[in-house]
Amino acid sequence: MRTNQPKTIYLSEYRVPAYLVDSVDLTFELFEEGARVHSVLSVRRNPDSDAGPAPLELDGDSLKLESLALDGKTLDEGAFEDLGDRLVIPGVPETFELTVVTWIEPQNNTRLEGLYKSSGMFCTQCEAEGFRCITYFPDRPDVMSRFRTRIEAEKSAYPVLLSNGNDVDRGDLADGRHFVTWEDPFPKPCYLFALVAGDLVEKRDSFTTCSGREIDLRMYVEPRNAEKCDHAMDSLKRSMRWDEDVYGREYDLDIFMIVAVDDFNMGAMENKGLNIFNSSCVLASQETATDMAFQRIEAIVAHEYFHNWSGNRVTCRDWFQLSLKEGFTVFRDASFSADTGSPTVKRIEDVTLLRTAQFAEDAGPMSHPVRPSSYMEISNFYTLTIYEKGAEVVRMIHSLLGPDMFRKGSDLYFERHDGQAVTTDDFVRAMEDASGRDLSQFRLWYEQAGTPVLDVSDEFDASAGIYRLTIRQSIPDTPGQSNKQPQHIPFAMGLLGAQGQALPLRLRSGDTDAPLERVLELTDAEHTFEFHGLDERPVPSLLRHFSAPVRVSYPWTREQLQFLMSHDPDGFNRWDAGQRLAVDVIQGLVGNPDEDAIDSRLVDAYRQLISDSSLDQALVAKMLQLPSEAYLIELSEAADAPAIHAARERVLKRLATALRDELVACYNRNHQSGPYRVTPEQIAGRSLRNTALSWLLLINDDEGRELASQQFRAADNMTDRMGALRALVNSDYEADRERVLSEFYERFRHDPQVVEQWFSVQAASGQAGRLPQIRALLEHEAFDWKNPNKVRSVIGAFAGQNLAEFHKPDGSGYEFLAEQVCRLDDSNPQIAARLVTPLTRWRKFAPSYGEQMKAGLEKVRDKAGLSRDVYEVVHKSLA
Ligand code: PHE
Ligand code: ZN
């Protein structure tokens, strides 16, 4: 907590560490009143540092130092300096042993960084800078050490004691206490350290690696969750096999452990050999988790597992390089999910997130490059830009090099840098060295922030049979960056003839075996491409599979979009054409409250989607989702959220009214018999059914209402139960809404993951999530300010999804959010800094909204003792 201005850290000021720590010997004495941490460090001067015999500096945060000794001799107060966030010890020898004893209070740790307690168990979170909340240490990822960890605790309350690596010793102690000692043979940065102590049940399985080693797989969960582990375990085994098959990466330790904890700031953490998960990102059963949750769990389990190579074996030199591990690992988990389910659907989901949220971030006050050059609080940089745009950058390398060269590149990267802490530049260099390609211009993707804009225009020369495509790129200014250079952009495209046939793309006349799809490489501010041998003006299909994270503007007509929706051979672009058409129709209604009719093209297109069961149903299910309000806001200037909400709602209602019978038929056709499975086909069926239901309820259809009530009662899985609940909650049937909400709660009140879903359906609903109702949820018996999931499921869902309520013209939504951010800032600054995000977008909105949002930010800015986390976000947003 601080009131003065936090320091800015610059990449340009990076220096290699003056001292290295070869090994760390930790002993944790865990008690109810606190924990004593003994740490013995083998320290040596870094031969690569030119700092000479500099003082040793150790980071520390909220620690009580009990004693400090150098080579066994106690250092008294005059022998070192305590600067609050650092200990400075002058005059240390070239090599020495340092013993540090600290006292910490995990039971009072509400920030959830370092060692803390969650539902009675001890657990840690050290990334990025949590280890310094445990003991004094050079807390930076380029200091890699071998860890040995002894944990002592009362045996009956904490029978399970875990840390990284292998358990090498265990035994009983006096007073009903016991200990376990763990040894991790792989040197690692301290952010990968983990400890867990609790009364947990163990689920075991095993995996035989490609070289025939048998790995012990263990999941640890609270006893009530014992039946919710199968999906994660199965996902883990498939991830392990996939990483062997696709990247040639074998697991390295003998044990791999996963622990579920309820209180967790993020999704999950890749600690070496001991991944710790937010319960909501790992526990699932048919009755309690939706299809979306099943898929998210699979992706996150894979993500954390893949980090063992992309993150742990090869780690980051400093936190500016965060995307080195995150961008690459997101790319890896996305490829895994694509291989497991429907690749087109996976791509649509990822692009939706990117275009809605990452583009907004890139256009907002916190915009930063994939490799930032400065920060105040690193926790604020676990962003969509680092993760999702970072993954897009790796994806572009993949598409420029092709799969074989990319694999050669990743092999070289892992081999060359195994056991090292490296930079994004090292990654790109390995790709260059393996492939022989020059990626120097491509590196700008890491250095320049902002989303490139491609302005595309075309002309057709009928007499010559030549179609010319001109593409101009520009990159908007972002905080601290202007006049940017053109980037290297892979631009996949095709051309369609009037019958919908794919046309050969002849860049020279007479080219006989021209391909039907090309990846054009854009490197200049402007390019013109000529396509020969065409007898008619083609319809262009641009940026197929979203081959680069850019905005494309081209003057499509609605006819062309409708045509692409049914003919583009690229499934992604079919979907995209549908989105563009819907956006166009909705935008035409915004601020036009009297306009009631909608373009019949949209109705016809949707009718065909709903009725034609020969189409890929997984794609259809996606195509039926209208662009979200958040995306529509992202696309507009001087946005009026309530007006956008109303226009979108009107389109939905018009569609539902026009297609009422088709919706009922679609609902009935997608009735599932047989056991519940999480397959693309079944997921699509449930999604279609629930979309049909929600549309029918929007128009107060009595049959729809009956179907929803029936489905709510009879559902054998959470996707259907939740689909019915959501449809009823968002309907005008108030009595049904109250009834199903309370029935649902009574049924699941003992399951925190389900209660979180119950909170968020209400908080995200225009019907059940008005401000007084939101305030009531905060008073609900199941709400818990100390649990980030609960906070997100009420406050986050309200401000992020219930946009018409949040952006109430009287500003009450903004005031509410500001108030909650201030409240949370004292207990959990990381969560507070994330929650404030919607207000930071104030420049995006019409002044009557924007000014009030800004006032909310100013209120937060003026709070006494503002955390560094919130300080950075708020000040940058107001600058
Ligand atoms: N490194 C984690 C991941 O992406 C995310 C995380 C960051 C978790 C910081 C906790 C704290 O897999
Ligand atoms: Zn990650």
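# Notebook: loops, sheets and the shell around ligand 1

I began with Leu-112, whose place is in the loop between strand 9 (95-104) and strand 10 (114-118). The model I am reading is a predicted one, and I looked up the backbone here with that in mind. Leu-112 has a positive phi of about 60° although it is not a glycine. I noted it because most residues other than glycine have a negative phi, and most peptide bonds are trans.

With the second half of that rule in mind, I turned to the peptide bond from Glu-127 to Ala-128, which is cis, with omega near -10°. I located Ala-128 in the loop between strand 11 (121-125) and strand 12 (144-154). Glu-127 and Ala-128 both appear again among the residues that surround ligand 1, and that took me to the ligand.

**Ligand 1**

Which residues surround ligand 1? I listed Gln-125, Glu-127, Ala-128, Met-266, Ala-268, Met-269, Glu-270, His-303, Glu-304, His-307, Glu-326 and Tyr-382. Sorted by class, this shell holds 5 nonpolar, 3 polar and 4 charged residues. Looking for the elements behind the list, I found that strand 20 (268-269) and helix 2 (291-306) each supply at least two residues of the shell. I also wrote down that ligand 1 lies between domain 1 (21-199) and domain 2 (200-283), because both of these domains give residues to the shell around the ligand.

**Domains**

I then looked up how the protein is divided, and found domain 1 (21-199), domain 2 (200-283), domain 3 (314-446) and domain 4 (453-555). For domain 2 and domain 3, I read a separation of 24 Å between their C-alpha centres. The contact between these two takes 5 residues from domain 2 and 5 residues from domain 3, and the side of domain 2 that touches domain 3 has, by class, 2 nonpolar, 2 polar and 1 charged residues.

**The sheet with strand 20**

Strand 20, already noted at the ligand shell, belongs to an open sheet of 5 strands in the order 17-18-19-21-20, with mixed pairing. Strand 17 (201-208) and strand 20 are the edge strands, and each of them pairs on one side only. Helix 1 (residues 230-247) packs on this sheet, where it touches strand 17, strand 18 and strand 19, and its direction makes about 25° with that of strand 17. Within the sheet, I followed strand 18 (residues 214-221) and strand 19 (residues 255-261), which pair in the parallel sense over 5 bridges; Arg-218 stands opposite Met-257 in strand 19.

**Helix 3 and helix 4**

I recorded both angle and distance for the next pair, since two packed helices are described by the angle between their axes and the distance between the axes. The axes of helix 3 (residues 322-340) and helix 4 (residues 343-362) come within 7 Å and cross at roughly 145°. Helix 3 makes the contact with Ala-334, Ser-337 and Ala-338, and helix 4 makes it with Pro-343, Lys-346 and Asp-350. By class, I read this contact as 3 nonpolar, 1 polar and 2 charged residues.

**The sheet with strands 25 and 26**

Further along, I found 4 strands that form an open sheet in the order 30-26-25-32, again with mixed pairing. Strand 30 (526-531) and strand 32 (551-553) stand at the edges, each with a single partner strand, so one side of each is left without a neighbour in the sheet. From one strand to the next, the twist averages 20°. Strand 25 (residues 453-461) and strand 26 (residues 466-474) pair in the antiparallel sense over 9 bridges, and the bridge partner of Ser-457 is Thr-470 in strand 26.

**UniProt annotations**

I closed with the record, in which the entry is unreviewed. UniProt annotates residues 232-442 as "domain: Peptidase M1 membrane alanine aminopeptidase" (unreviewed entry), and over that stretch the chain is 55% helix and 9% strand, with the end C-alpha atoms 37 Å apart. The annotation "domain: Peptidase M1 alanyl aminopeptidase Ig-like fold" (unreviewed entry) covers residues 450-554, where I read 0% helix and 44% strand and end C-alpha atoms 20 Å apart. UniProt places "domain: Peptidase M1 alanyl aminopeptidase C-terminal" (unreviewed entry) at residues 559-879; there the chain is 72% helix and 0% strand, and its end C-alpha atoms are 44 Å apart.

Definitions and conventions. Residues are numbered from 1 along each chain as its sequence is written. Chains are lettered from A and ligands numbered from 1 in the order in which they are written. This is a predicted model: local features need pLDDT of at least 70, side-chain atom pairs count only at pLDDT 80 or more; totals for chains, interfaces and linings use all residues. A residue is near a molecule or strand if its C-beta atom, placed from the backbone, lies within 6 Å of it. Ala, Val, Leu, Ile, Met, Phe, Trp, Tyr, Cys and Pro count as nonpolar, Asp, Glu, Lys and Arg as charged, and the others, Gly among them, as polar. Domain bounds come from an automatic or database domain assignment. Two strands pair if DSSP finds at least two bridges between them. Two residues are in contact if their C-beta atoms, placed from the backbone, lie within 7 Å. Axes are lines fitted to C-alpha atoms, for helices over the stretch in contact, and angles run from 0 to 180 degrees between N-to-C directions. UniProt positions are given in the numbering used here, feature names are shortened, and annotations may be inferred rather than shown by experiment.
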